[in-house]
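Hi,

Here is the structure I promised to pass on. Have a look at it first, and then read my notes underneath.

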Amino acid sequence: MALPQVVSRDEWLAARRALLLREKELTRARDVLAADRRRLPMVRVEQDYRFTGPEGEVGLLDLFTGRSQLILQHFMYDPAWDEPCRSCSAMAAETGEGVRDHLARRDTAFAAVSRAPYPKLQAAREARGWTFPWYSSEGSTFNYDFHATLDPAVAPANYNFRDAGELSAAGLDWMVDYVGEQPAISTFLRDGDQVFHTWSTYGRGVEEMMHGYHLLDLTALGRQEDWEEPKGRSPVVHAADPGYTS
């Protein structure tokens, strides 16, 4: 196991101060990026999407629970599956009541949406003790319209803001004909009764909800996954598994 080099406190302090300069650069860059994200234009949501929740049928506006903003997890749960996606489950579980309370104090709601029928969501929720708001979009085009469910028979291939040609050029030919679920996060803003789509992210962008990963990134052993550098650091090497099942 290739542990970090052992040095004196003074040597460690010099190395830590050098790294701190880079961390501050990243922090400032993230602030600039976040400001540019806030400057993005938005698109009015014209379609009257319907969802099923614990109180029956609701609309997208209802998911705001009276707040101005909505952070929505596109939670992978195909209607044909017996269990929800493990990675999405880990993401949602890390969005606990404390986080949701903090969001609410900043006028922001959180909800998850899956295509599986609501009785499946309710059973999974009760079995795991989850408390986050979770709605079914069964029978709706919601997930397809926001490119979290792909099916060329329903809509042309488009993933992470790349169309079929761009996906092929990027070496992602398999996604052109792919049929299935993908993880995603979307954010919405309301102005009165009007709802606007402001942002979405896919791929590794959904790591924004993986708080455990962010904490592990602070440690010497890191995520302990097989792609990380330096190699040989962890006594147990895991596959890249945000569900923490391996």
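Below is what turned up when I went through the model.

First, a caution: this is a predicted model, so please read everything here as computed from its atoms. The protein chain has 246 residues, and 37% of them count as buried. Its secondary structure comes to seven helices and 12 strands. If you want a feel for the dimensions, the C-alpha trace spans about 65 × 40 × 40 Å along its principal axes.

**The sheet around S5**

I'd start with strand S5, residues 108–114. How many of its residues are buried? The count is seven of seven, which makes S5 a mostly covered strand. The side chains split between two directions: Thr108, Phe110, Ala112 and Ser114 point one way, while Ala109, Ala111 and Val113 point the other way. Both sets are buried.

S5 has pairing partners in S4 and S6. Strand S4 (residues 69–74) runs parallel to S5, with six bridges between them. One pair to click on there is histidine 74 in S4 with its bridge partner in S5, valine 113. Strand S6 (residues 134–136) also pairs with S5 in the parallel sense, over three bridges. Here alanine 112 faces tryptophan 134 of S6.

From S4 you can carry on to S11, residues 184–191. In which sense do S4 and S11 pair? They are antiparallel, and they share six bridges. Leucine 70 has phenylalanine 188 of S11 as its bridge partner. Alanine 184 sits in S11 too, and it is buried, at a relative accessible area of 0%. Its C-alpha is 5.1 Å from that of histidine 74, although the two residues are 110 apart along the chain.

S11 then pairs with strand S12 (residues 194–202), again in the antiparallel sense, over eight bridges. Aspartate 191 stands opposite glutamine 194 of S12. S11 and S12 form a hairpin with two residues between the strands, and glycine 192 there takes a positive phi near 65 degrees.

**The cysteines**

You may well want to know about disulfides before you plan anything. How many does the structure hold? The answer is zero. Cysteine 85 is in no disulfide, and its nearest cysteine sulfur is that of cysteine 88, 3.6 Å away. Cysteine 88 is likewise in no disulfide, with the sulfur of cysteine 85 as its nearest, at 3.6 Å. The pair is not counted because a disulfide needs the two sulfur atoms within 2.5 Å. Are these cysteines buried or exposed? Cysteine 85 is buried, with a relative accessible area of 14%, and cysteine 88 is buried as well, at 1%.

**The cavity, and a contact at Thr149**

A search of the whole structure turned up one cavity of 30 Å³ or more. The largest cavity has a volume of about 80 Å³. Its lining is made up of 13 residues, and those nearest its centre are Thr149, Leu150, Asp151, Ala155 and Pro156. By class, the lining breaks down into nine nonpolar, three polar and one charged residues.

Thr149 comes up again in a side-chain contact: threonine 149 and glutamate 181 are joined by a polar contact of 3.0 Å. Glutamate 181 belongs to strand S10, residues 180–181. Is glutamate 181 buried or exposed? It is buried, with a relative accessible area of 2%.

**Two loop residues**

Threonine 95 lies in the loop between helix H2 (86–93) and helix H3 (97–105). It is buried, at 4% relative accessible area. A polar atom of its side chain lies 3.2 Å from the backbone oxygen of methionine 91.

Proline 133 is also in a loop, this one between helix H4 (118–128) and S6. Proline 133 counts as partly exposed, at 28% relative accessibility. Measuring up to proline 183, I get 50 residues in sequence and 17 Å in space, C-alpha to C-alpha.

Shout if anything is unclear when you open it up.

Cheers

Conventions
Residues numbered from 1 in each chain as written. Predicted model: local features only at pLDDT ≥ 70, side-chain atom pairs only at ≥ 80, totals over all residues. Heavy atoms only, no water. Buried < 20%, exposed > 50% of the residue type's maximum accessible area, 1.4 Å probe, protein only. 1 Å grid on protein atoms, 1.4 Å probe; cavity = no way out; pocket = protein on both sides within 12 Å on 5 of 7 lines; lining within 4 Å. Points joined across faces, edges and corners; volume = space filled by probe spheres on them. Nonpolar A, V, L, I, M, F, W, Y, C, P; charged D, E, K, R; others polar. Helix = DSSP H or I, 4+ residues; strand = E, 2+ residues; numbered from the N terminus. Pairing = 2+ DSSP bridges. Polar contact = N/O pair within 3.5 Å; in protein donor to acceptor, adjacent residues only side chain to side chain.
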